[in-house]
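Here are a few short exercises to work through with the model open beside you. Try each task before you read its solution.

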There are 2 protein chains.
Amino acid sequence: MSDQHRIGGNKQSQKPVLTPVSHVACSKCGLGKLCIPASMDAPDVSKLEMIVHKSRPLQSGEFLYRVGDRFADIYAVRSGCFKTFVVDAAGREQVLGFHLPGELLGLEAIYQGINISNAEALGTSSVCRLHYDDVTRLSQQVPELQAHMFRLLSQRISELSAAAADHTADERMAEFLLSLAARFKERGYSSKEFNLAMSRADIANYLRLATETVSRVLARFQKKKLIRVERKLVELLDKDALSRLAGSTNESNTTLGAL
Amino acid sequence: MSDQHRIGGNKQSQKPVLTPVSHVACSKCGLGKLCIPASMDAPDVSKLEMIVHKSRPLQSGEFLYRVGDRFADIYAVRSGCFKTFVVDAAGREQVLGFHLPGELLGLEAIYQGINISNAEALGTSSVCRLHYDDVTRLSQQVPELQAHMFRLLSQRISELSAAAADHTADERMAEFLLSLAARFKERGYSSKEFNLAMSRADIANYLRLATETVSRVLARFQKKKLIRVERKLVELLDKDALSRLAGSTNESNTTLGAL
DNA sequence: CGGCAAATTGAGGAAAGTCAATCATAGTGG
DNA sequence: CCACTATGATTGACTTTCCTCAATTTGCCG
């Protein structure tokens, strides 16, 4: 709850526990359908690829962008994990979301033309960079891309709406774990076992809980045999029970369950 | 916290306390720059007007759309006020936002193609209806409209991000009041005095507080001479103090401040 | 091996929630 | 026209959840 300004200073080597599967994909990103509309045909895909820029990997703690930066690019996570957060006048940090490979970053800056949040790498991570102007220009030519952008923006709205709910610590934690599981699954990783790229403090902040509460809830879940936690590694032992805890709106619906 | 399914059954006659000013505007909507990109020229504006459908006014308690409805339209509030909300598996309602004249509704449904929230009129209200297909089609032809849509979606993301913050009851209430004030001002109404279209219960739910807490906080604010409340009518007596309470990120920035 | 940061665990306190009673207002019907 | 009733708002007393503070413990990296 304090040192959000360190740059670098990695601690844990964060590697996916499980193997990704391949998608129909953007050759540069390797992200597949998550960043490319499924309905786009080959020529359009190659147009999209032309505006995608690979960028160097970021070390843990490095910022992709900061509050106040002029907005020019949006990003797709290639590997690793990012957290986005704001710092209010009182210096308190608020984590707004965690962003896994295939997910977009920077969308909230479009409105004001200035970044209103910070994005920090959690573990070594890399992104694809897209100039926003290129994206809008190409969206004019490729209806599928425009539609995709609308959907992605709408998706983020859905996620944030889901996160807005006033739930207990147990509910929020269950929702969080299931959300991660769903998103890992979508990306071809195991939805049963995964690494938490973020610290307990970040999870706590994101869920509007105290760090200690996160520890306690995880301990309680483990005692109830719902999960197994070992440091960063989490295994979901009883998803059904977790779903019930979460309020069970989490079966068919991929977007619900807080980010 | 219970009877969200009543249709009709108005109670209070909700009238703006103050007079709106005129904007450059869509003739059908009368909404001005809020629903029309400022940069659009006359021919483009008339194209936009062609896809706008005025619809009959809704009575208090009537739903504009419901969870599960197939998504086909987005809406711009013409008059009155709407609340959007979800109901979770346990039957608990969660208010996601209040929507004033000039603001858009239904954006979160784009992603899934199905409405994931309910929109209910608070007091007699009316909307402009836009077929989403028309909007996307026209956005292909009119770059300014596409840009505007991106901005609007991004704006909603900003708003929800701001609402995500973990603040105290006093902070949340101050933010809420200031947000309303800013939005009324933007629309040409007084930012000092306005009517709350929504019940205490709705405010409480939106702010993740108990109804009683909302009452108590408002009473406390009044005792401290920060505001004057009389039923639905609110007058802001000391905006600076409220801003300080809110965390004071609320001067220049129109989008921050919950909702 | 030492030192540091993160995580866990325990004890006590505070903010907000719940339950319950009262008050006020607006709409209803005699 | 006015009493009556229902609904929403307020106020008070008590409870609960989660936070805060503090003390360890654990694991990691030099």
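**Exercise 1.** Find how much area chain A exposes, and what share of its residues is buried.

*Solution.* Start with the surface: chain A of this predicted model exposes about 10900 Å² (Shrake-Rupley method, 1.4 Å probe). Carbon and sulfur atoms supply 53% of that area. Next, turn to burial, meaning under 20% relative accessible area with protein chains only as cover: 58% of the 259 residues in chain A are buried.

A note on conventions: residues count from 1 along each chain as its sequence is written, and chains are lettered from A, ligands numbered from 1, in the order written. Local features need pLDDT of at least 70 and side-chain atom pairs 80 or more, while totals for chains, interfaces and linings use all residues; side-chain values use heavy atoms, without hydrogens or water.

**Exercise 2.** Work out the strand order of the sheet that contains β9(A), and name its edge strands.

*Solution.* First, count the elements: chain A has seven helices and eleven strands (DSSP runs of H or I, at least four residues, and of E, at least two, numbered from the N terminus). Then follow the pairing, which takes at least two DSSP bridges: the open, antiparallel sheet runs β9-β11-β10 in chain A. Its edges are β9 (193–195) and β10 (227–230) of chain A, each pairing on one side only.

**Exercise 3.** Which residue of β11(A) is the bridge partner of E193(A)?

*Solution.* Begin with the strands: β9(A) pairs with β11 (residues 233–236) of chain A over three antiparallel bridges. Now look across from E193(A), and you reach E235(A).

Note on methods. Buried means under 20% relative accessible area, exposed over 50%, partly exposed in between (1.4 Å probe, protein chains only).
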